[in-house]
Amino acid sequence: MIEAKNLTKRYGDRVAVRDLSFTVEPGRVTGFLGPNGAGKSTTMRLILGLDRPHQGDATIGGKHYRDLGQPLRVVGALLEARAVHTGRSAYNHLLCLAQTQGIPKKRVDEVIELVGLSEVARKRTGGFSLGMGQRLGIAVALLGDPSVLILDEPVNGLDPEGILWIRNLMKQLASEGRTVFVSSHLMNEMAVTAEHLIVIGRGQLIADCSTEEFIERSTKQIVVVRSPDAEGLVGAITAEGGTATANGDGMLTVTDLDAARVGQLAAAGGFVLHELTPRRGSLEEAFMELTKESVEYGTTVAADGQGGAR
Ligand SMILES: Nc1ncnc2c1ncn2[C@@H]1O[C@H](COP(=O)(O)OP(=O)(O)OP(=O)(O)O)[C@@H](O)[C@H]1O
């Protein structure tokens with residue numbers, strides 16, 4: 001388990017993380033979300049002992065990172081900035097790390113196989129693509145077979161096949177009882193990967209709840225209806241206190257009434273229905289809604305993806 005207690009970190013007079021507390025539980029993937037500059041990388045660095053907090057405390061399994069005897073065996077990390085000796089092969093890079101931590105040589109072969117780098121393992125990492133580098137970073141994180149994984153933007157640079165691979169890998173690692181803490185900007189990806197979310201904005205906690213609850217809390221349920229009698233149905237919906245927006249071709253988007261009630265109104269009025277679909281908002285919409293006060297830079301982007309200058 002990862003525990004952050006009242007963490008505060010300043011850079012000059014800029015507060016990167018402010019009085020931040022949360023725990024990351026084992027056995028599930030926990031997504032770490034926040035707009036650019038929210039403090040995600042800083043928080044991860046504090047947990048990994050790469051930076052010291054001005055206040056508060058971050059521990060892994062009750063211990064500070066610096067007090068872990070063989071840290072790679074407890075926690076594996078992938079941070080955004082990769083430091084790999086580019087003249088060295090992936091195999092040698094992993095072997096060196098393994099030797100410093102008393103990890104057997106055969107584990108190096110295992111992780112190379114696991115991340116799909118077998119064919120290029122003896123090649124210099126200097127020629128690696130972004131995706132290959134990312135896979136090597138994940139191999140490093142997994143080297144000590146750790147019970148805790150901290151991954152900062154692990155899908156960066158991966159192609160769709162790679163993204164699917166890392167999604168399944170994270171789920172698998174969590175199902176083995178490990179703690180998986182992962183930051184990402186890809187909301188659709190997090191929606192299908194993370195069971196639990198910790199969301200921060202301007203260094204402060206915005207939400208710590210299940211992904212489902214996060215979406216439910218911040219988006220409206222809508223009902224999509226298609227009917228050849230759309231006009232009549234709009235009247236019935238409006239009279240009942242609902243709001244119906246016509247989208248042409250008999251399509252309606254209904255808010256403030258649930259699908260069951262819309263179905264009852266259609267039956268009572270004798271309106272034929274060709275479609276009746278309840279739809280929940282997306283994680284992206286929920287994220288935009290909840291973090292709109294905390295966005296730091298440049299433009300505001302509406303939930304429909306249409307950006308507008310501030
Ligand atoms: N070494 C540093 N020196 C000065 N300021 C820093 C440093 N590291 C981070 N910051 C500032 O602290 C704040 C939080 O940055 P951080 O990188 O932790 O955010 P983030 O959520 O990881 O952002 P992103 O999603 O863009 O990676 C930002 O305002 C950033 O400019």
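## Exercises on strands, helices and a ligand shell

**Exercise 1. Work out how strand 1 pairs with strand 2, and where this pair sits in its sheet.**

Solution. Strand 1, which covers residues 2-11, pairs with strand 2 in the antiparallel sense, and 7 bridges join the two. The model in which this pairing is found is a predicted one. As one step along the pair, take L7, which lies in strand 1, and look for its bridge partner in strand 2, which is L20.

The next step is to place the pair in the sheet, which is open, is formed by 3 strands in the order 2-1-4, and has antiparallel pairing. Strand 2 (14-24) and strand 4 (55-60) stand at the edges with a single partner strand each, so one side of each has no neighbour in the sheet. From one strand to the next, the twist averages 20°. Finally, helix 1, made of residues 40-47, packs on this sheet and touches strand 1, strand 2 and strand 4, while its direction makes about 120° with that of strand 1.

**Exercise 2. Decide whether L7 is buried or exposed, and find its contacts.**

Solution. Begin by counting the C-beta atoms around L7: there are 24 others within 10 Å. A residue counts as buried when 20 or more lie within that distance, and therefore L7 is buried.

Then leave aside the neighbours within four places in sequence, and L7 is found in contact with V17, L20, T43, L46, P53, G56 and A58. In the case of A58, the two residues are 51 residues apart along the chain, yet their C-alpha atoms are separated by 7.2 Å.

**Exercise 3. Identify which residues are around the ligand, and sort them by kind.**

Solution. Listing the residues around the ligand gives Y11, R14, A16, G34, N36, G37, A38, G39, K40, S41 and T42. Sorting this shell gives 3 nonpolar, 6 polar and 2 charged residues. In terms of secondary structure, strand 2 and helix 1 each supply at least two residues of the shell, and helix 1 gives the most, with 3 residues.

**Exercise 4. Explain why strand 3 is described as largely enclosed, and find its partners.**

Solution. Of the 6 residues in strand 3 (residues 28-33), 5 are buried, so the strand is largely enclosed by the rest of the structure. For its partners, look at strand 7 (residues 179-183), with which strand 3 pairs in the parallel sense over 5 bridges; here G31 has V182 as its bridge partner. Strand 8 (residues 196-201) also runs parallel to strand 3 and is joined to it by 4 bridges, with T30 standing opposite H196.

**Exercise 5. Describe the sheet with the order 11-12-10-13 and the helices that lie against its strands.**

Solution. This open sheet has 4 strands, and its pairing is antiparallel. Its edge strands are strand 11 (243-246) and strand 13 (275-279), each of which pairs on one side only, and the twist averages 20° from one strand to the next. Strand 10 (residues 222-226) pairs with strand 13 over 5 bridges in the antiparallel sense, and V225 stands opposite L276 in strand 13.

Helix 9 (residues 230-239) packs on the sheet, where it touches strand 10, strand 11 and strand 12 (251-255), and its direction makes about 155° with that of strand 11. Helix 10 (residues 259-269) lies across strand 10, strand 12 and strand 13, running at about 160° to strand 13.

Key
Residues numbered from 1 in each chain as written. Predicted model: local features only at pLDDT ≥ 70, side-chain atom pairs only at ≥ 80, totals over all residues. Pairing = 2+ DSSP bridges. Axes fitted to C-alpha atoms, helices over the stretch in contact; angles between N-to-C directions. Contact = placed C-beta atoms within 7 Å. Near = placed C-beta within 6 Å. Nonpolar A, V, L, I, M, F, W, Y, C, P; charged D, E, K, R; others polar. Buried ≥ 20, exposed ≤ 12 C-beta atoms within 10 Å, placed from the backbone.
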